[in-house]
Amino acid sequence: PAGPLEKKARTLVWGACGLGVLLAGYASCIEPFWLEVTHVEVRTSKLPAGHPGIRIVHISDLHSDQKVRLEKRLPDVVAAERPDIIVFTGDTINQRKALPIFKECLRRISAVAPTFAVRGNWDMWQWRNLDVFGGTGAIELRHKVTEIQIRGVTVRIACLLYTSDAADAFD
């Protein structure tokens, strides 16, 4: 028969296993389909008096897979926000076979408003030489500053890529 210490250890091990199963279920069945829209208002004196403001949609970390998750409904959600500009800040796909799903999603999003994209850490590690943004209509920024006019206001968009190699800083 097991002693009290062994029973506690077994309970702890089984509890940890159960928690692991629950977290794996959440990570594969809930979180990838979860689309959250939040609104943040940023006030600035740099806009002329009476200017209605600039609506920016920020998207990040799609990590598209072979199985379509939220990629089909995301463009409609973005369009409903009526953005003036869209920025995608990286982490495109989890596997090469997901590239068509990601590109179709971003192509539809880019049809809504001018879209600018950068590679995230995952993209730089895994997909450095893969054209993840080509054909989508999104403008990939790589250590660049670009300007866009929005209702009479010049907006500058700058990019500094994620990199762990100083030699990549200005490629």
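**Exercise 1. Find what Y26, I30 and W34 form on the surface, and place Y26.**

Step 1. Y26, I30 and W34 make up a nonpolar surface patch. Together they have about 320 Å² of accessible area. Patch members have over 30% relative accessible area and no salt bridge; like charges are joined within 9 Å, nonpolar side chains (Val, Leu, Ile, Met, Phe, Trp, Tyr) within 5 Å. A salt bridge is a side-chain nitrogen of Lys or Arg within 4 Å of a carboxyl oxygen of Asp or Glu. Areas follow the Shrake-Rupley method with a 1.4 Å probe, and for residues only the protein chains shown count as cover.

The model is predicted: local features need pLDDT of at least 70, side-chain atom pairs count only at pLDDT 80 or more, and totals for chains, interfaces and linings use all residues. Residues are numbered from 1 along each chain as its sequence is written, and side-chain values use heavy atoms, with hydrogens and water left out.

Step 2. Y26 sits in helix 1 (residues 4-29). Helices (H or I, at least four residues) and strands (E, at least two) are DSSP runs, numbered from the N terminus.

Step 3. Y26 is partly exposed, at 35% relative accessible area. Buried means under 20%, exposed over 50%, partly exposed in between (1.4 Å probe, protein chains only).

**Exercise 2. Describe the pair of F88 and F133.**

Step 1. There are three aromatic pairs in the structure. Rings of Phe, Tyr and Trp (its six-membered ring) pair if their centres lie within 6.5 Å; planes under 30 degrees apart are stacked, over 60 edge-to-face, the rest tilted.

Step 2. The ring centres of F88 and F133 are 6.2 Å apart and the planes stand at 70°, so this pair is edge-to-face.

Step 3. F88 lies in strand 2 (residues 85-88), and F133 in the loop between helix 4 (121-126) and strand 4 (139-140). The pair therefore ties together parts 45 residues apart in sequence.

Step 4. F88 is buried at 1% relative accessible area. F133 is buried at 3%. F88, F102 and F133 form one aromatic cluster.

**Exercise 3. Work out the strand order of the open sheet.**

Step 1. The order of the four strands is 1-2-3-4, with parallel pairing. Two strands pair if DSSP finds at least two bridges between them.

Step 2. Strand 1 (56-59) and strand 4 are at the edges. Each has a single partner strand, so one side of each lacks a neighbour in the sheet.

Step 3. Strands 1 and 2 run parallel, joined by four bridges. I59 stands opposite F88 in strand 2.
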